[in-house]
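Open the model in your viewer and keep the selection tool ready. We will go stop by stop.

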Amino acid sequence: MENGSVILIRRWPAMLCWLLLCLVPLTNQQQARAGNVGTTQWSDDETHFNRTLDSILVPRVVGSRGHQQVRDYLVQSLNGLGFQTEVDKFKQRVPVLGELTFSNVVGTINPQAQNFLALACHYDSKYFPNDPGFVGATDSAVPCAILLNTAKTLSGYLQKQFQNRNDLGLMLIFFDGEEAFKDWTETDSVYGSKHLASKLARTRSGAQVAGKQAPRNIDRIEVLVLLDLIGARNPKFSSFYMNTHGLHSSLVQIEMNLRAAGKLEGNNNMFLNQISGGLVDDDHRPFLEDNVPVLHLVSTPFPDVWHTPRDNAANLHWPSIRNFNRVFRSFVYEYLHRHTAPVNLRYY
Ligand SMILES: [Zn+2]
């Protein structure tokens, strides 16, 4: 029971901060600001989104030519958007295809900062022996394009006001090898995220406090926001973890505000103010196991094109993608802009 109280004390201040953003009645001025979030300051850039998606939407099974091209494209794009980019490269034997070289791509703004907001998706496409043309549009070409488009549409802020802050950095993680090569198991899946989580857990940097050694790099991630299976018509996103429920509620609120301001298309509410009855295994697993708070933005139920040849450009639903981009962009901006103290959502 004693441990339980400690957990509550450590969790609540930060959670309260986010819950307050959502639940406390806003002043008129705040309401006006919230209503405008992401609509006037940070405009859409559909040309950039479409160009980016075109470059990613090719078969990109680990070890293939398309995979290498997409990896290089991600690195170039991140560099062009002012991120410091690293490739976390490693070799590993996998079922069916044997030894492969994997490369996680990680872009960072303010790498010296104390803590990070990490946004992530996977860029490999699944290997189907009978479908070499599989492009995984929702899985996860669109999420990758969303991350880059978020950085592009916020670049005015990121490269001016946000740049050089020491409290917070922004990390964009493109995991490699999320997909199983044979059947999804704990070992045959999330190859890249396991490698990166373990590397971040073994390395330390950042400021030393009161004679203690510098924190483990994985402990500098305030929250890992993982996007997956996005791009189909009318997606639904539930909240999966209690410690990030306040953040999920912020998405619900931002979507409501943008809809009320007439900034969204159609009437589908994507973000549901409800806790999911189940969990979805994904790239966040190794981070979750090391106590990193996770906001898992995966549409449930899964898109009906999931792991079929129909998961392609023809079956994407553009209004849903544009809406997601608008809500997500506002969320990221609000997180960075309102951040004044470390956010500790960790369970222990
Ligand atoms: Zn998949």
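Which residues of helix 3 meet helix 5? Keep in mind as you look that this is a predicted model. Select helix 3, residues 46–56, and helix 5, residues 137–153. From helix 3, show H48, F49, T52, L53 and I56. Across from them, in helix 5, show A141, V142, C144, A145, L148, N149 and K152. These two sets meet.

Now look at the geometry of this pair. The axes of helix 3 and helix 5 lie 9 Å apart, and the helices pack at an angle of about 140°. That angle makes helix 3 oblique to helix 5. The crossing of helix 3 past helix 5 is right-handed.

Next stop: strand 8. Select residues 294–298. Five of the five residues are buried, so strand 8 is largely enclosed by the rest of the structure. Colour the two faces separately. V294, H296 and V298 are on one side, L295 and L297 are on the other, and all are buried. In a regular strand, side chains alternate between the two faces of the sheet.

Add strand 5, residues 221–228. Strand 5 and strand 8 run parallel, joined by five bridges. Pick V225 and find its bridge partner in strand 8, L295.

Stay with V225 and add A118, since the two are in contact. Leaving aside neighbours within four places in sequence, A118 also contacts M171, I173, I221 and L224. Which residues touch the most other members of the largest nonpolar core? They are A118 and L224, in a core of 81 residues.

Last selection: V62, Y127, V190 and Y191. They are among the eight residues of another core, which lies apart from the largest one.

Note on methods. Residues numbered from 1 in each chain as written. Predicted model: local features only at pLDDT ≥ 70, side-chain atom pairs only at ≥ 80, totals over all residues. Core = buried A, V, L, I, M, F, W, Y, C linked by C-beta atoms within 7 Å. Buried ≥ 20, exposed ≤ 12 C-beta atoms within 10 Å, placed from the backbone. Contact = placed C-beta atoms within 7 Å. Helix = DSSP H or I, 4+ residues; strand = E, 2+ residues; numbered from the N terminus. Pairing = 2+ DSSP bridges. Axes fitted to C-alpha atoms, helices over the stretch in contact; angles between N-to-C directions. Parallel < 35°, antiparallel > 145°, perpendicular 65-115°, else oblique. Left-handed = near helix turned anticlockwise from the far one by under 90°.
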